[in-house]
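User: I am new to reading protein structures. Please choose one part of this one, look at it closely, and then show me how it fits in with the rest.

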Amino acid sequence: MTNPARPGHGAAWTVDDLQSLPDDDQVYEIFDGSLLVSPHADVFHGAVANRLRRLLDRQAPTGVLVGQDIGVSAKRSTYFVPDLFVARETAVDRGGAALDPADVLLVVEVISPSNAGRDLVLKRHEYAAAGIPLYWLVEPRKQTLTVLANGAGGYREQALLPVGAVYRTEQPFPLTLTLADIF
């Protein structure tokens, strides 16, 4: 594998630098100017994310987009690609290299054993600091959904739901999820 194109010596990575990276089997993200590289998710991880996306899509109101494979960036030197997001449709219409966190209503990460710390600690902190109202953590191996809501001091756990639960909420829009349909 060749090394990805790099910014000048000592320079921090930015969202703009991502355009020069190869289209390969890696997920490229940036934290505070440092490039983070992860392999694409395995089949089980992808299936869980896709099942949840379909469930959210079916219930999303007009003007709300449920999506994947688009990054979120509050500043040029930090950029994350959540497994799923819910955003105002107008955010996508504006285009650009990444979604503005002000337009994102929910981010969802499906936890992988290989980089769980990134989702549980780093992204949790950064998404909260960016002002994203809701963060869901889906743990396929434990078959749980953790619902976090942003408030004073960061995200606080609203619910920890096991596979047998039915989750009803008004945020980010009125919806009902049967967790057994995800796993």
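Analyst: Let's begin with a word that we will need throughout: a residue counts as buried when its relative accessible area is under 20%, as exposed when that value is over 50%, and as partly exposed in between. Y79 has a relative accessibility of 11%, so Y79 counts as buried. Keep in mind that what you are looking at is a predicted model.

Before zooming in, here is the overall picture. The protein chain has three helices and twelve strands. Its radius of gyration is 16 Å, close to the 16 Å that the globule rule gives for 183 residues, so the chain is as compact as a globular protein of that length. Along the principal axes, the C-alpha atoms fill a box of roughly 50 × 30 × 30 Å. Buried residues make up 46% of the 183 residues. Among the contacts with a separation of 6 or more, 48% join residues that are 24 or more positions apart.

The part I have chosen for you is helix α1. This helix has 17 residues and reaches 25 Å from its first C-alpha to its last, close to the 24 Å expected at 1.5 Å a residue. At the start of α1, a side-chain oxygen of D42 comes to within 3.3 Å of the backbone nitrogen of F44.

Now look at which way the residues face. An α-helix has 3.6 residues a turn, so residues three or four places apart point the same way. In α1, the buried residues are H45, V48, A49, L52, L55 and L56. These residues cover an arc of only 125° around the axis, which puts them on the same side of α1. On the other side of the helix, V43 and R58 are exposed. N50 also belongs to α1, and with a relative accessibility of 34% it counts as partly exposed. If you follow N50 to Q68, you will find them 18 residues apart in sequence and 9.1 Å apart in space, C-alpha to C-alpha.

What does the buried side of α1 pack against? Its partners are the strands β3, β6, β7, β8 and β12. That takes us from the helix into the interior. In soluble globular proteins, nonpolar side chains tend to be buried together. Here, the largest nonpolar core has 29 residues, and those with the most contacts inside it are L52, L56, W136 and L177. Many elements feed this core: α1, β3, β6, β7, β8, β9, β10 and β12 each supply at least two of its residues. The largest share, five residues, comes from α1.

L177 is a good residue to click on if you want to see the helix meet the rest of the core. Leaving aside residues up to four places away in sequence, L177 touches L52, L55, L56, Q59, W136, A165, V166 and Y167. There is also a second, separate core of 18 residues, which includes F85, L99, A116 and Y135.

One of the strands that the helix packs against is β7, and E109 is in that strand. With a relative accessible area of 2%, E109 is buried. Its contacts, not counting residues up to four places away in sequence, are V81, P82, D83, D119, K123, Y127, Y135, W136, L137 and V138. Notice W136 in that list: it is also one of the residues with the most contacts in the largest core.

We can now come back to Y79, which lies in strand β5. Y79 and E29 are 50 residues apart in sequence, and in space they are 5.5 Å apart, C-alpha to C-alpha. Beyond its sequence neighbours up to four places away, Y79 touches V15, L18, Y28, E29, I30, G71, V72, S73, A97 and A98.

Let's finish with the backbone of some loops. Most residues other than glycine have a negative phi, and most peptide bonds are trans. D69, in the loop between β3 and β4, has a positive phi, near 65°, and is exposed, with a relative accessible area of 70%. D32, in the loop between β1 and β2, also has a positive phi, near 50°, and is exposed at 51%. In the loop between β11 and β12 you will find P172, and the peptide bond from Q171 to P172 is cis, with omega near 10°.

Note on methods: Residues numbered from 1 in each chain as written. Predicted model: local features only at pLDDT ≥ 70, side-chain atom pairs only at ≥ 80, totals over all residues. Heavy atoms only, no water. Core = buried A, V, L, I, M, F, W, Y, C linked by side-chain atoms within 4.5 Å. Buried < 20%, exposed > 50% of the residue type's maximum accessible area, 1.4 Å probe, protein only. Helix = DSSP H or I, 4+ residues; strand = E, 2+ residues; numbered from the N terminus. Contact = heavy atoms within 4.5 Å. Expected span 1.5 Å × (residues − 1). Arc of directions from axis to C-beta. Polar contact = N/O pair within 3.5 Å; in protein donor to acceptor, adjacent residues only side chain to side chain. Rg over C-alpha atoms; globule rule 2.2 N^0.38 Å.
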